[in-house]
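Here is a brief report on a few side chains and their surroundings. Please look over the sequence and the structure first.

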Amino acid sequence: MKLVPLGDRVVLKQLEAEETTKSGIVLPGQAQEKPQQAEVVAVGPGGVVDGKEVKMEVSVGDQVIYSKYAGTDVKLNEEEYIIVKQSDILAVVK
C-alpha cells in the first residue's frame, strides 16, 4: 500500500528524536520530546482548495519543520506517518 495525499496535503515521515541532550544526559523514551522535523514522503497535486489556487512549494525528499499540533498520525505497514496541510509546514531545512 501507498499513501497518496489529496489537494494541498503532504505526507511526512518524522525524524528520530535525539536520545541524549547536548550536555550528554541520556533521555528515556517517554521524556523525549517529539521532534517537529520530518522528511516529505509524498505531496498532493495542489490545485484549487477552498476556492483558492494552491501551488505546492515542497517536494519529496525535502526536510521540513511543521507546526507542533498539526496533522493526523497514520500507521501503514508498521511505519508511522503524519499527514498535514501545506500551510502547517513552517520551513524547509536546507
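## K94, after strand 8

K94 is exposed, because its relative accessible area is 91%, and exposed here requires over 50%. The model is a predicted one. K94 belongs to the segment that follows strand 8.

Along the chain, K94 and V64 are 30 residues apart. In space, their C-alpha atoms are separated by 8.8 Å.

## Strand 8 and a nonpolar patch

Strand 8 covers residues 89–93, and L90 is part of this strand. With a relative accessible area of 59%, L90 is exposed.

L90 also contributes to a nonpolar patch on the surface. Its partners there are I65 and V93. The patch amounts to about 240 Å².

## Q86, before strand 8

Q86 sits in the loop that links strand 7 (79–85) to strand 8. Is Q86 buried or exposed? Its relative accessible area is 13%, so Q86 is buried; the cut-off for buried is under 20%.

The side chain of Q86 has a polar contact as well. It reaches the backbone nitrogen of E57, at 2.6 Å.

## Rings and charge

What sits over the ring of Y81? The charged end of K13 does, 5.7 Å from the ring centre.

Aromatic pairs are another matter: the count is zero. For that count, ring centres of Phe, Tyr or Trp must lie within 6.5 Å of each other.

How values were computed: Residues are numbered from 1 along each chain as its sequence is written. This is a predicted model: local features need pLDDT of at least 70, side-chain atom pairs count only at pLDDT 80 or more; totals for chains, interfaces and linings use all residues. Side-chain values use heavy atoms; hydrogens and water are left out. Patches are made of residues with over 30% relative accessible area and no salt bridge: like charges are joined within 9 Å, nonpolar side chains (Val, Leu, Ile, Met, Phe, Trp, Tyr) within 5 Å. Accessible areas come from the Shrake-Rupley method with a 1.4 Å probe; for residues, only the protein chains shown count as cover. A salt bridge is a side-chain nitrogen of Lys or Arg within 4 Å of a carboxyl oxygen of Asp or Glu. Helices (H or I, at least four residues) and strands (E, at least two) are DSSP runs, numbered from the N terminus. Buried means under 20% relative accessible area, exposed over 50%, partly exposed in between (1.4 Å probe, protein chains only). Rings of Phe, Tyr and Trp (its six-membered ring) pair if their centres lie within 6.5 Å; planes under 30 degrees apart count as stacked, over 60 as edge-to-face and the rest as tilted. A charge sits over a ring if NZ of Lys or CZ of Arg is within 6 Å of the ring centre and within 35 degrees of the ring normal. A polar contact is a pair of N or O atoms within 3.5 Å; within protein, one must be able to donate a hydrogen and the other to accept it, and residues adjacent in sequence count only if both atoms are side-chain atoms.
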